[in-house]
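Please examine the sequence and the structure shown below. The paragraphs that follow lead through them step by step.

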Amino acid sequence: MEGCFRVLYCVFTLLAISTFTECLENNDEHQDVEEKITYNGDQVLRVETVNSKQRKKIKELENQGLIEKWFTNSTSVDIMVKKVNSETVKNTLNNGSLSFNIFIDDIQRAINNENPPINEDELELSGRQGHNLTFERYHKVDDIYKYIDHLSQEYPDIVEVETIGKSHENVPLRVIRIKLDRNSTDTKAIWIDGGIHAREWIAVSSVLYLINELVYNRDSLESHMNNIEFHIIPILNPDGYKHSHEKERLWRKNRNKPSANSCVGADLNRNWDYHWGETGASKYSCAEIYRGVKASSERETQAVVKYIMKNPNKFKGFLTFHSYGQYILYPWGYAKRVPSDHTEVHRVGQVMATAIKKATSNEYTVGNSATLLYPAAGASDDWAKGVAKIKYSYTVELKDTGKYGFILPPTEILSTGKEAYAAVSALANEISSEK
Ligand code: ARG
Ligand code: ZN
């Protein structure tokens, strides 16, 4: 309700309601998203930004609230443009001689085609019991948690589940530990997470695919997969993920609201305590890249930090799955600098990319994140390397290269899962052969 109408409304209803100020305050509640947000006629444009003048223009459009960035690298940017702003934005681009292509013509149409409803009959026919997880569609939090429960009950010899904390909406954050060869004395571990960003559904499904391979295909995996202890969290941001399913498909952050007059959500990948807030992060709570009130302010961040720091030395690898762009990125992200062991880190990144290429023939680009994409401080890969001292720390940006962006069709779930598996297996191989 508009402000002045609200005042009138409150005056007229004063008799029925306890106090005038209370009535005015109630206005806040109406700001919550109650209905599902739709994106009819909204578009994604890829704009060429090869020089700083072009990048400045994009920044201006962003500051005016006319666009939202989906993806940036050193030569282009994908921007989401609402239908109402479409003309203004396109005119500005044309006048500034910024060339662009329409990548997604109607975001809502893409969303409508994205996730077909579940067919319970088919699940029954396939003889699946105890859970309904498939790799044919994107699943909600409940389905995923039931699947995890199922695995821990059915395969207690190889699967261990530990609750390491709770999200802001009190959803348990659960790490799945899998070690195939219980008798191996090897103590090397790899950390794997997905879904730190809510809308990147393919990251969640791909990490689930990896878990599924480890459990159901354990007898035919490469032998180096047996000795590594995998510590896996498929949805690091369950509140945001749920919100992106139920209310706002393109939600990125978590769902914390630190104070009454702040916006909802911190960008969990700007919240980690290593060069926190220095670059590419915002101090404004309404921003998509809001860093949080302080370093490690968010429960989701805290839970992982506490868990890894109990025994940081055993972690030899750290992989955080995101989308999109098809990149394997390594530190530092806070500045265009590389760590002293970057030659090794780059080489192993390349080994992962080669394994992916062998699996699906898709190309992934390997390199330093600040150089290939943009400097951004407070991301988990930097923390893993800088604080937990995990040598092989990477952010993997999964499919695609922009055709569908975050709205990747479910027919891509299986093959992207195979890419994630290939990357993990390649890393595990390198780590297990290193002294
Ligand atoms: N797309 C990721 C993000 O913006 C990339 C993070 C890369 N790592 C980094 N330290 N900046 O969160
Ligand atoms: Zn992300």
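In which strand is E397 found? The model, which is a predicted one, places E397 in strand β12, formed by residues 392–398. This residue deserves attention at the outset: an unreviewed UniProt entry lists E397 under "active site". Such an annotation may be inferred rather than shown by experiment.

Is E397 buried or exposed? Within 10 Å there are 25 other C-beta atoms, and a residue is called buried if it has 20 or more of them; therefore E397 is buried. Residues up to four places away in sequence are set aside when its contacts are listed, and E397 then touches H322, S323, Y324, G325, Q326, Y327 and L329.

One of these contacts, Q326, may be considered next. Q326 lies in the loop between β9, residues 315–323, and β10. Its phi is near 60°, a positive value in a residue other than glycine. Q326 counts as buried because it has 20 C-beta neighbours inside 10 Å.

Strand β10 itself comprises residues 327–330, and four bridges join it to strand β11, residues 365–368. How do these two strands run, parallel or antiparallel? Strands β10 and β11 run parallel. Y327, which is among the contacts of E397, has T365 in β11 as its bridge partner. Helix α11, residues 342–360, completes the arrangement: together, β10, α11 and β11 make a right-handed β-α-β unit. The loop between β10 and α11 holds W332, and the peptide bond from P331 to W332 is cis, with omega near 0°.

The bound molecule may now be located. Which residues surround ligand 1? They are N269, H322, L329, G333, S369, L373, A376, A379, D381, D382 and T395. Two of these names have already appeared, for H322 and L329 are also touched by E397. Sorted by class, the shell around ligand 1 has four nonpolar, five polar and two charged residues.

After β12, the chain offers another cis peptide bond, which joins K399 and D400 with omega at about 0°. D400 is found in the loop between β12 and α14. Helix α14 spans residues 413–433 and contains A420. Because A420 has 27 C-beta neighbours inside 10 Å, it counts as buried. Leaving aside neighbours within four places in sequence, A420 is in contact with S206, V207, Y209, L210, F321 and L398. A420 and L319 are 101 residues apart along the chain, yet their C-alpha atoms are separated by 9.9 Å.

Two further regions remain. Seven bridges join strand β5, residues 159–166, to strand β6, residues 172–178, and these strands run antiparallel. Within this pairing, the bridge partner of G165 in β6 is L173. The hairpin of β5 and β6 has five residues between the strands, and N170 takes a positive phi near 65° there.

The last region is the loop between α4, residues 86–95, and β4, residues 100–104, where S97 is placed. S97 has a positive phi of about 45° although it is not a glycine. Why does S97 count as exposed? It has 10 C-beta neighbours inside 10 Å, and a residue with 12 or fewer is called exposed. By contrast, Q326, which also has a positive phi, counts as buried.

How values were computed:
Residues are numbered from 1 along each chain as its sequence is written. Chains are lettered from A and ligands numbered from 1 in the order in which they are written. This is a predicted model: local features need pLDDT of at least 70, side-chain atom pairs count only at pLDDT 80 or more; totals for chains, interfaces and linings use all residues. Two residues are in contact if their C-beta atoms, placed from the backbone, lie within 7 Å. A residue is near a molecule or strand if its C-beta atom, placed from the backbone, lies within 6 Å of it. Ala, Val, Leu, Ile, Met, Phe, Trp, Tyr, Cys and Pro count as nonpolar, Asp, Glu, Lys and Arg as charged, and the others, Gly among them, as polar. Two strands pair if DSSP finds at least two bridges between them. A crossover is right-handed if, with the strands pointing away from the viewer, the path from the first strand over the helix to the second runs clockwise.
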